[in-house]
Amino acid sequence: MKGTKELAKLGITELSLMMANNSSIRKLVIPIIDNKIRKINTNVDEHTFPAEKYAHYCFFRNLLRTLGKRMDEKLLAKNYRRKLAKNFVGNIMFNGGDTRNQAFEQEGREIPSFITISPTQKCNLKCKGCYAASHKGLFAKLDWETFDRILTEKVELWNSYFTVISGGEPFLWSDKGKNLFDILEKHSDQFFLIYTNGTTINKENARRLAELGNATPAISVEGFEKETDERRGEGVFNKILESMANLREYGVPFGISVTATQKNAELVVSDEFLDFYFEKQKAVYGWLFQYMPIGRGINLEYLVTPEQRLYMYQRGKIINEEKGYNYVDFWNNGYMSWGCISGGRKGGYLYIEWNGNVTPCVFVPYSPVNICDVYKNGGDLDNVLESQYFQDIRDWQKSYGYLKNRKEIKNRIMPCFIRDHHKEFCEITNKYPVKPIDKPAEEALHSEKYHKQMIEYDEELAKLLDPVWEKDIVNK
């Protein structure tokens, strides 16, 4: 066995493989990897604040320790241990960034880190306020060739090995006799995060995921049984618990996906909630979304109040920095990604839905370009990035402080283009003949009342969060 000094000379990918494959040296390796990650995240950088980098470090520290714990608990299948080290650590964390940095430094060209794809609109549930807005009749879907080509090009053109799959319900997608598992198998060098309602993960599907080892399900919950069934339908919570048991049985790492509303905002950041999903159900990570009022009916009553959002932010810091859980709020923790990541930003992403429409992100349902049309006209993913709408969003991100020096950085606790800066969203979006991807999005785009309410919400939010940004991030 190598000594600690010899181990410290190895790279993070090599150490991760040793951590995954050799339980006897795991306790030696984890502190060494932790120290290397800490050094990466404490390098002097004029574009970020030390408090942001510390929170960023905590995220990776928590993930490392949780994965080590799940390995010790025999809850991580052999293929996952290998693919997490090779695909996630090797290809995603410490490989793809070189291509993106080089393109930006030499050409000024921004390349996103990943893409979110919703291959099907089809879903077996009808959740209140769902942005996927299902309808009667046929459900739209991407064909195999388009889905496959997107995944192939993102590696070839962008060196991007991470893909998020959403929906609809992704496990219901199929085309030409092939399904989602065939996609995962063909693109075995990538790592996938799949947002799912969890009701389709039977033992056979859990076994198949364990065999492939390159995809992790993020299962949607709204709280406990009462809150989840109220939004998703009676009996859904118990089906979710059954799915989680199946995933544990086959050693598939999974997470939770949570939507915070006025009704459950305090609950979904409570110790009781964390203990249930992370300690008892053995989730590895969690993504916390705040309800975005575009969906089956524009209802601002579901939107968390400014006071609730402040409380969630305060709890989020404790959860990430003190309690050690990988539970990230996409809005309140925006400072961990240096601001808004939409529009194909360097280090960010784009969203492609079931009809091929490409939007800045899953919460901005307006499309300037369709990937199917791009392919028909002989183009590729690089042509999508050239959309002026996306470029204007990236310019706004820079003006807000992305890649600026510290004196020019604005409040990243309020990072969101459409949610936290709705006035700027309207100004940019109204310049272009963007296509609303569904009827609720079209109604919202032309509703003066909706825009007025959103702008007023942002103004109230800034009164609470701007002083917190100065205290917790700028001056810390």
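Me: What makes the mean positions of the positive and negative charges of the protein chain 5 Å apart, and which atoms are used?
Reply: In this predicted model, the two means are taken over 67 positive and 64 negative charges. Lys and Arg count as positive and Asp and Glu as negative, while His and the chain ends are not counted. Each charge is placed at NZ of Lys, CZ of Arg, CG of Asp or CD of Glu.

Me: How do you know whether the radius of gyration of the protein chain agrees with that of a compact globule?
Reply: The rule, over C-alpha atoms, is 2.2 Å times the number of residues to the power 0.38. For 476 residues this gives a value near 23 Å, and the protein chain has 21 Å, so the two agree. The C-alpha trace spans about 65 × 55 × 50 Å along its principal axes.

Me: Why is W287 called buried?
Reply: Buried means under 20% relative accessible area, exposed over 50%, and partly exposed in between (1.4 Å probe, protein chains only). W287 has 16% relative accessibility and therefore counts as buried. Of the 476 residues of the protein chain, 61% count as buried.

Me: What is W287 in contact with, beyond its neighbours within four places in sequence?
Reply: Contact means heavy atoms within 4.5 Å. The partners of W287 include F59, L193, Y195, I256 and F330. W287 itself lies in strand β8, residues 285-290, a strand being a DSSP run of E of at least two residues, numbered from the N terminus.

Reply: Residues are numbered from 1 along each chain as its sequence is written. Local features need pLDDT of at least 70, side-chain atom pairs count only at pLDDT 80 or more, totals for chains, interfaces and linings use all residues, and side-chain values use heavy atoms, leaving out hydrogens and water.

Key. Helices (H or I, at least four residues) and strands (E, at least two) are DSSP runs, numbered from the N terminus.
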